[in-house]
Each structure stands twice: as C-alpha cells, then as structure tokens.
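User: Hi, I'm new to reading structures and would like some help with this one. Could you take me through it step by step?

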Amino acid sequence: MTSFGFALRRPAAIIGLSLLFLQIVLIIFAPAVSPYSPTEADPLASLLPPSSTHWLGTDISGMDILSRIIFATRINLLISITSVALAFVIGVPLGLLVGYYRGFLSGLIMRIFDFVQAFPIFVLGMALVSVMGQEIWNVATVLAVLFIPIFARLIRAEVLSLRERPFVAAARCSGATDVDIMFRHLLPNALMPAMVQVSISIGMAILLTAGLSFIGAGVRMPTPEWGLMVSSGAQQMILGVWWVSLFPGLAIVLAVLCFALLGDVVRDLMDPMKAQQFARDPEIDLQPIGDNR
C-alpha cells in the first residue's frame with residue numbers, strides 16, 4: 001500500500017482533501033455554477049436576505065453573494081498560491097546559500113530578513129501595496145516578500161544542522177563541488193520543513209489577503225474577494241444584515257482550515273518513519289507526528 005494509505009486513514013486528511021477538491025471545482029467551473037454575475041450590481045435587489053432566488057442573499061449594491069464567493073475562490077487562491085510559490089522559489093535557494101556559506105554576505109542577508117520581519121505584517125503590507133498599487137499581482141508580490149524570510153530561515157536551520165554531517169564530509173572528500181553538495185546532498189534532506197510550510201503559508205496568505213482587503217489595502221471593488229466582501233458588510237451587521245459578512249467569513253475559515261489540515265497530510269507523506277511503520281503493520285493506529293507517548 002502506498003504512502004497515501006496511512007495519510008488517508010486520518011479524518012483530517014479526508015476533510016482537507018475534500019475541501020481542496022471543492023475549491024478546485026469552484027475555480028474551474030465558476031461561470032457554470034454561479035447563478036449570477038459576480039460584478040453586476042442591481043440597486044433594486046439591495047440587501048436581500050437569503051432566499052430561493054438569492055441563496056446567500058445580496059450585498060448593498062445588489063450583487064449576489066453566492067456568485068461573488070464562488071468567483072472570489074479564484075482570486076484568493078490565485079494570490080495565495082502565487083505569493084507562496086514565489087516565496088518558495090526565492091527563499092529556498094537563499095536559505096541554502098546563507099546556511100552553507102558563512103561570511104559578510106550571509107550575515108547581511110539575514111539582517112535584511114530581520115528588518116523585514118521586524119515590521120508588523122499589516123503595516124508593511126499596507127505600505128508596499130500603497131506604493132505598488134492595489135492590483136492582484138501587486139498584492140501577490142507583497143505577500144511573497146513577507147514569506148521569503150520564513151522559507152529561507154527554515155532551509156538555513158536545516159542546512160546548518162546537516163552541513164557538518166559525515167555524508168557531507170564524504171561527498172567533499174570524493175571531489176564533489178560546493179554546488180553538488182548543496183543541491184544534491186543538502187537540499188533534498190532539508191526540504192521537508194519547507195514543503196510542510198507551503199501548505200501552512202497558503203492558509204496564512206489567504207488570511208493576509210483578506211485582511212489587507214478588509215482594511216482597504218488589498219484588491220478594489222468590484223473585484224470579488226472574501227475580505228473585501230466581509231468589509232462591505234461589516235457596517236450593516238449592527239443593523240441585523242448578517243449575511244453579507246457571515247458567508248464570506250465562513251469561506252475564509254474553510255479555505256484556511258483546508259490548507260492547515262493538508263499541512264499535516266504533507267508531513268505524514270514525507271515522514272519515512274511513518275511510512276515504514278505503516279508498511280510493517282497497515283492496521284496500526286498511527287499517532288500524530290510529535291506525539292511520543
């Protein structure tokens with residue numbers, strides 16, 4: 001039985017993969033499953049409660065909330081996945097370099113990371129978006145800048161613990177160059193924490209994208225985006241118009257939960273000890289990683 005076997009035995013894995021499948025379906029078939037246009041306003045249908053005509057109601061502009069939530073799945077995941085992919089592609093090589101080499105340049109790069117991470121995320125995000133403009137790709141770039149230090153530090157920490165191992169010394173004695181040692185010997189053994197962090201970071205990026213849009217520093221109306229939808233309905237909640245903010249907020253919760261659960265699945269799939277344990281006894285009740293009881 002493959003390594004997917006023991007991962008799929010966990011309820012968290014089934015829930016996470018089901019939520020991911022739902023989001024993929026919404027992304028691909030959004031025009032087909034949306035009952036209305038996500039950007040077409042109808043002043044005569046303003047703030048209608050959930051009904052058979054508008055299943056999740058309408059917002060203050062008369063736009064259908066269900067349709068906007070469906071199309072917002074595209075926007076939020078596009079921004080989140082793009083930003084995390086950029087951060088991974090840039091942060092992993094940087095972490096590998098600063099972990100393997102010691103010197104002024106490595107120290108300078110780490111101090112730059114310290115400077116970036118010293119700022120509150122929303123303050124730095126607002127500043128960068130204000131300078132670059134409130135466009136989808138600009139928001140993705142800003143989030144990538146915020147996530148690069150995270151991936152670089154994870155890889156650096158692993159490389160620092162691996163660079164003095166006997167297999168590295170053996171590779172060096174056999175004539176391997178620094179590039180060979182870094183990319184053929186160190187990087188494959190240092191990737192697991194970064195791979196797990198990808199899933200977690202996508203969930204964080206969804207929250208940050210929604211947060212920036214909520215405070216007016218993300219994408220602009222009438223673009224369908226979950227945080228922007230929550231913000232547009234926040235003022236009406238005190239008047240009892242709860243549906244405008246509630247349903248987009250639940251969409252954020254489910255999306256973040258999906259990638260948080262998938263992070264555990266990735267850890268299980270990349271853990272050789274669990275794979276061997278499951279291969280020996282497929283019926284064994286595997287405990288979560290980190291549980292040494």
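Analyst: We can begin with the chain as a whole and then turn to single residues, keeping in mind that this is a predicted model.

User: Okay, how many helices and strands does the chain have?

Analyst: The chain has 11 helices and 0 strands, and if you follow the elements from the N terminus on, they read α-α-α-α-α-α-α-α-α-α-α.

User: And what share of the residues is buried?

Analyst: Of the 293 residues in the chain, 42% are buried. As for the outside, the accessible surface of the chain comes to about 15,000 Å², and 69% of that surface belongs to carbon and sulfur atoms.

User: What part of the contacts comes from residues 24 or more positions apart?

Analyst: If we take the contacts in the chain with a separation of 6 or more, residues 24 or more positions apart account for 71% of them. A pair of glycines gives you a distance to look at in the model: Gly-133 and Gly-218 are 85 residues apart along the chain, and their C-alpha atoms are separated by 8.9 Å.

User: Where is Gly-133 placed?

Analyst: You will find Gly-133 in the loop between α5 (121-132) and α6 (136-162), and with a relative accessible area of 22% this glycine is partly exposed.

User: Switching to charges now. How many salt bridges are in the whole structure?

Analyst: A search of the whole structure finds 4 salt bridges. In general terms, side chains of opposite charge can pair when their charged atoms come close. One of the bridges joins the side chains of Asp-59 and Arg-68, with 4.0 Å from N to O.

User: Is Arg-68 buried or exposed?

Analyst: Arg-68 counts as buried, because its relative accessibility is 1% and the cut-off for buried is under 20%. Its partner Asp-59 is also on the buried side, with a relative accessible area of 6%.

User: Which residue forms a salt bridge with Arg-111?

Analyst: Arg-111 forms a salt bridge with Asp-114, and the closest N and O atoms of the two are 2.9 Å apart. Both residues are in helix α4 (residues 104-118), and because they are 3 residues apart there, about one helical turn separates Arg-111 from Asp-114. Arg-111 is partly exposed at 49% relative accessibility, and Asp-114 is partly exposed with a relative accessible area of 30%.

User: Which residues are linked with them in a network?

Analyst: The network of salt bridges links Arg-111, Asp-114 and Arg-153.

User: What about Arg-163, which residue does it bridge to?

Analyst: Arg-163 forms a salt bridge with Glu-164, where the closest N and O atoms are 2.8 Å apart. The two partners differ in how they are covered, since Arg-163 is buried with a relative accessible area of 13%, whereas Glu-164 is exposed with a relative accessible area of 58%.

User: And where does the charged end of Arg-163 sit?

Analyst: The charged end of Arg-163 sits over the ring of Tyr-100, at 5.5 Å from the centre of that ring.

User: Rings sound interesting. How many aromatic pairs does the structure hold?

Analyst: The structure holds 5 aromatic pairs. One of them is made by Phe-115 and Phe-119, whose ring centres are 5.1 Å apart and whose planes are at 80 degrees, so the pair is edge-to-face. Phe-115 counts as exposed at 55% relative accessibility, while Phe-119 counts as partly exposed at 34%.

User: How are Trp-242 and Trp-243 arranged?

Analyst: Trp-242 and Trp-243 form an aromatic pair that is edge-to-face, with 5.6 Å from centre to centre and 85 degrees between the planes. Trp-242 is partly exposed, with a relative accessible area of 38%, but Trp-243 counts as buried at 8% relative accessibility. Ring pairs also bring in Phe-247, which is linked with Trp-242 and Trp-243 into a cluster.

User: Last one: which residues make the nonpolar surface patch?

Analyst: The patch is made by Ile-24, Ile-28, Phe-29 and Val-33, and its area is about 360 Å². Of these residues, Phe-29 lies in helix α2 (residues 11-33), and Phe-29 is partly exposed, with a relative accessible area of 45%.

Conventions. Residues numbered from 1 in each chain as written. Predicted model: local features only at pLDDT ≥ 70, side-chain atom pairs only at ≥ 80, totals over all residues. Heavy atoms only, no water. Patch = residues over 30% accessible without salt bridge, like charges linked within 9 Å, V, L, I, M, F, W, Y side chains within 5 Å. Areas by Shrake-Rupley, 256 points an atom, 1.4 Å probe, with all protein chains shown as cover. Helix = DSSP H or I, 4+ residues; strand = E, 2+ residues; numbered from the N terminus. Buried < 20%, exposed > 50% of the residue type's maximum accessible area, 1.4 Å probe, protein only. Phe/Tyr/Trp six-rings, centres within 6.5 Å; stacked < 30°, edge-to-face > 60°. Lys NZ or Arg CZ within 6 Å of the ring centre and 35° of its normal. Contact = heavy atoms within 4.5 Å.
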